[in-house]
Amino acid sequence: MTFRPGVIERIGMFDTALGAGTPAMDCEDTLAFTQVLITGGTIVYQPTALTHHYHRRDLEGLKEHMVSHGTGLAAAYTGLVLRRPTLIWPLLRLAPTALRELATRYTPSHRPRATTSRDTCARPTAEACSPARAPT
């Protein structure tokens, strides 16, 4: 991920309580993206960007990754809501969309389809936390 100069400062820097080596284990990037959207910023998905990412090669490694991501995500959003309690409502409005995605994308009968950058952008988060609707 790359940020324009000043963006990280505007959102209050990365949360050092999150990420690798912390009890939260993960999701400092997810929280940073969320804070960019809440403050009226834009996130751009660039599918041609090259990156190296380590993926676990066994079931135990996948389990560890899922636990760390779930722990970090819970910590990130709990901290966000504790700092800005009025954000709970826009976040809860995302639940039906998330549940619908889980029900359709992760069933045995679902066939993966080609995606575009429009499909993979955080549109529900952007809409729920847009400046016009974001609580202060």
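A nonpolar core is a set of buried residues such as Ala, Val, Leu, Ile and Cys, joined through side-chain atoms within 4.5 Å. With that idea in hand, let us walk through this structure, which is a predicted model.

The largest nonpolar core has 11 residues: L18, A24, C27, L31, I38, A76, L80, V81, L87, L91 and L94. At least two of these residues come from helix 2, and at least two from helix 3. Helix 3 gives the most, with three residues. In soluble globular proteins, nonpolar side chains tend to be buried together. For a closer look, pick out A76: setting aside residues up to four places away in sequence, A76 touches L18, C27 and L31. There is also a second, separate core of five residues, and V7, I11, A32 and V36 are among them.

Now follow helix 3 itself, which covers residues 59–83. How far apart should its ends be? At 1.5 Å a residue, the 25 residues of helix 3 should span 36 Å, and its end C-alpha atoms are indeed 36 Å apart, so the two agree. Several residues along helix 3 are buried, namely G61, S68, G72, A76, G79, L80 and V81. An α-helix has 3.6 residues a turn, so residues three or four places apart point the same way. The cover over the buried residues of helix 3 includes helix 2 (28–38) and helix 4 (88–92).

Helix 2 also holds Q35. Is Q35 buried or exposed? Its relative accessible area is 13%, and because buried means under 20%, Q35 counts as buried. Apart from neighbours within four places in sequence, Q35 is in contact with I11, M13, L80 and R83. Of these contacts, L80 has appeared before, in the largest nonpolar core.

Finally, turn to the aromatic rings. The model has two aromatic pairs. One of them joins F3 and F14 in an edge-to-face arrangement, with 6.0 Å from centre to centre and 80° between the planes. This pair links distant parts of the chain: F3 sits in the segment before helix 1 (7–10), while F14 sits in the loop between helix 1 and helix 2, 11 residues apart. F3 is partly exposed, with a relative accessible area of 23%, and F14 is partly exposed too, at 33%. Together with F33, these two residues form one aromatic cluster.

Note on methods. Residues are numbered from 1 along each chain as its sequence is written. This is a predicted model: local features need pLDDT of at least 70, side-chain atom pairs count only at pLDDT 80 or more; totals for chains, interfaces and linings use all residues. Side-chain values use heavy atoms; hydrogens and water are left out. Helices (H or I, at least four residues) and strands (E, at least two) are DSSP runs, numbered from the N terminus. The expected span of a helix is 1.5 Å times one less than its number of residues. Buried means under 20% relative accessible area, exposed over 50%, partly exposed in between (1.4 Å probe, protein chains only). Contact means heavy atoms within 4.5 Å. Rings of Phe, Tyr and Trp (its six-membered ring) pair if their centres lie within 6.5 Å; planes under 30 degrees apart count as stacked, over 60 as edge-to-face and the rest as tilted.
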